[in-house]
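Colleague: I'd like to learn how to read pockets, cavities and helix crossings in a model. Could you walk me through one?

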Amino acid sequence: MAFKPANNIQDLQYFGEFGGVNPSISDSSTYTFLSAKTMFDTFEGNADGCYLYSRHSSPSNLYLGEALAAMEGTETANVSASGMGAITPVLLQLCNAGDHIISSRTIYGGTYAFLKNFTPKFSIKTFFVDITKLDIVEAAITKNTKLIYCESVSNPLLELADIAGLSEIAKKYNLKLVVDNTFSPLSISPAILGADIVVHSLTKFINGSSDTVGGVICASQEFINDLRNVNNGASMLLGSTMDSLRAASILKNLRTLHIRMQQHSKNALFLAEKFEEDGLKTVYPGLKSHPSHNLFKSMMNEQYGFGGMLTIDVGSLDKANELMEMMQNKNLGYLAVSLGFYKTLFSAPGSSTSSEIPEDEQKEMGLSDGLIRFSIGLDADIDRTYQMMRTCMEELNILKGNNKFQYV
Ligand SMILES: *Cc1c(COP(=O)(O)O)cnc(C)c1O
């Protein structure tokens, strides 16, 4: 039977302290022990089920972590204060001075900056490659390589990682495969396809209300225990802990993720098809023209669609800025970074979320000035949205010269 990540969340059952249908929130940073010996055992890591201090773990964070582990099909998970607070401890836990990382070159700007500018001071070197070419990935492996890092669907170019193929390479050379699944929750299940560690920024689709930052690491019990180790665990020692109140609110939002993803995907596919018909250079994994359309189909949990992210190229940064301002004035969405909100969000990645990437490298990877990244919202009438967007584009002459009427 196919893996059903949303059902795995829905099938969890836990009650609050007084029989509430939601688990009680543990509003405490520290916990009492009935005996001094149990406190000692907990420090030694030998007292299952006992709480020590909330930077280590707390009941509310464990509830959210277990729900996300069920969604990704991993043994367990550790939630964190942000997506970067999930990604950075994973990389620092796995790598020592002198180790190498192979990373996709099209990744979130913050992750790119961390690997390019921050980890070299610990003598950790990253080789950035075109992750869609498995032979190039394999050729970049050295005796010092510890891990392969990629995003299932990359930010902002929406390139696809062949997770099963990368997992085979990782296993052959005894490397860990770390996958950031922020752009494709529920649609793609990287751990089921062979990833060792799956990370998310919960800030985006999973929380879905743009009111908090958060992150998660989904992995084996052994790796999560390592991260939480009081003596040498990167999550414990770097301290990017999520607050219990936030964990409780994200857990409540997680329960509607499957419905939201279906609507995001449905709306994004509708717009992508229309934009492409209009002659706009449109990138969306659900379009047959996407170079990895078939790969996405082979990896996806079909009912959640191809996701809510799409890009169009309107030729220049000036045009992109004009269009985004006009769409915002007509209340078609917000000119804002981030993704996964109920409203459509749009930004020009070259000058915002990917500005950490030097201009020449942006060009090389195909990140052009006129690129607009859309996180498509939950609009009930997406055809009306499309008609209004099209009017904006006509007013700005963006469709001129490549209007579909010119082709018939
Ligand atoms: C936003 C984002 C991150 C970083 O997450 P924060 O919650 O902002 O720390 C990492 N990866 C991807 C793909 C993202 O979109």
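Modeller: Sure, we'll go through the empty spaces, then two helix pairs, then a bit of backbone. Keep in mind that this is a predicted model.

Colleague: How do I get started with empty space?

Modeller: The general idea is simple. Rolling a probe the size of a water molecule over the atoms shows where empty space is left. In this structure, the largest pocket holds about 620 Å³ of space.

Colleague: Which residues lie nearest the centre of the largest pocket?

Modeller: Those are Asp48, His56, Ser57, Asn225 and Arg228, out of 23 lining residues.

Colleague: And which helices supply at least two residues of that lining?

Modeller: You'll find α2 (36-43), α3 (59-72) and α8 (221-228) there, each giving at least two residues. The largest share comes from α3, with four residues.

Colleague: What about the chemistry of the largest pocket, how do its lining residues divide?

Modeller: Sort them by class: eleven are polar, eight nonpolar and four charged.

Colleague: How about the second largest pocket, what is its volume?

Modeller: About 350 Å³. Its lining has 18 residues, and Leu157, Glu159, Val283, Met365 and Gly366 are the ones nearest the centre. By class, the lining of this second largest pocket splits into eight nonpolar, six polar and four charged residues.

Colleague: Which strands should I display for the second largest pocket?

Modeller: Show β8 (281-283) and β9 (309-313), since each supplies at least two residues of the lining. β9 gives the most, with three residues.

Colleague: Where does the second largest pocket lie with respect to the domains?

Modeller: Look at who contributes to the lining. Domain 1 (5-254) and domain 2 (258-405) both give residues to the lining of the second largest pocket, so this pocket lies between them.

Colleague: Now for the enclosed spaces. How many cavities of 30 Å³ or more does the structure hold?

Modeller: Two. The largest cavity has about 150 Å³ of space. It is lined by 18 residues, with Arg55, His56, Asn78, Val79 and Arg228 nearest its centre. As for elements, α3, β1 (76-80), α8 and α9 (234-238) each give two or more residues to that lining.

Colleague: Which element gives the most to the lining of the largest cavity?

Modeller: That's β1, with four residues. The class count for the largest cavity is eleven polar, five nonpolar and two charged residues. Two names should ring a bell: His56 and Arg228 are among the residues nearest the centre of the largest cavity, and both are also among those nearest the centre of the largest pocket.

Colleague: What lines the second largest cavity?

Modeller: Val153, Phe183, Ser184, Pro285, Phe296, Phe306, Gly307 and Met309 line the second largest cavity, which has about 30 Å³ of space. Six of these lining residues are nonpolar, two are polar and none is charged.

Colleague: Why does the second largest cavity lie between domain 1 and domain 2?

Modeller: Same reading as before: both domain 1 (5-254) and domain 2 (258-405) give residues to its lining, so the second largest cavity lies between them.

Colleague: Okay, helix pairs. How do I read a crossing?

Modeller: Check the approach of the axes, then the angle, then the hand. Take α4 (residues 84-94) and α5 (residues 109-118): their axes come within 11 Å and cross at roughly 30 degrees. That makes α4 roughly parallel to α5. The crossing of α4 and α5 is right-handed.

Colleague: And at what angle do α13 and α15 cross?

Modeller: Roughly 140 degrees, with the axes of α13 (residues 317-329) and α15 (residues 382-395) coming within 10 Å. Angles over 145 would count as roughly antiparallel, and α13 and α15 are therefore oblique to each other. Their crossing is right-handed.

Colleague: Last topic, backbone oddities. Which residues does a cis peptide bond join?

Modeller: Read omega for that one. A cis peptide bond joins Asn155 and Pro156, with omega at about 0 degrees. Pro156 sits in the loop between β4 (145-151) and α7 (163-172).

Colleague: And what is phi of Leu158?

Modeller: It's near 60 degrees, a positive value in a residue other than glycine. Leu158, too, is found in the loop between β4 and α7.

Methods: Residues numbered from 1 in each chain as written. Predicted model: local features only at pLDDT ≥ 70, side-chain atom pairs only at ≥ 80, totals over all residues. Heavy atoms only, no water. 1 Å grid on protein atoms, 1.4 Å probe; cavity = no way out; pocket = protein on both sides within 12 Å on 5 of 7 lines; lining within 4 Å. Points joined across faces, edges and corners; volume = space filled by probe spheres on them. Nonpolar A, V, L, I, M, F, W, Y, C, P; charged D, E, K, R; others polar. Domains from an automatic or database assignment. Axes fitted to C-alpha atoms, helices over the stretch in contact; angles between N-to-C directions. Parallel < 35°, antiparallel > 145°, perpendicular 65-115°, else oblique. Left-handed = near helix turned anticlockwise from the far one by under 90°.
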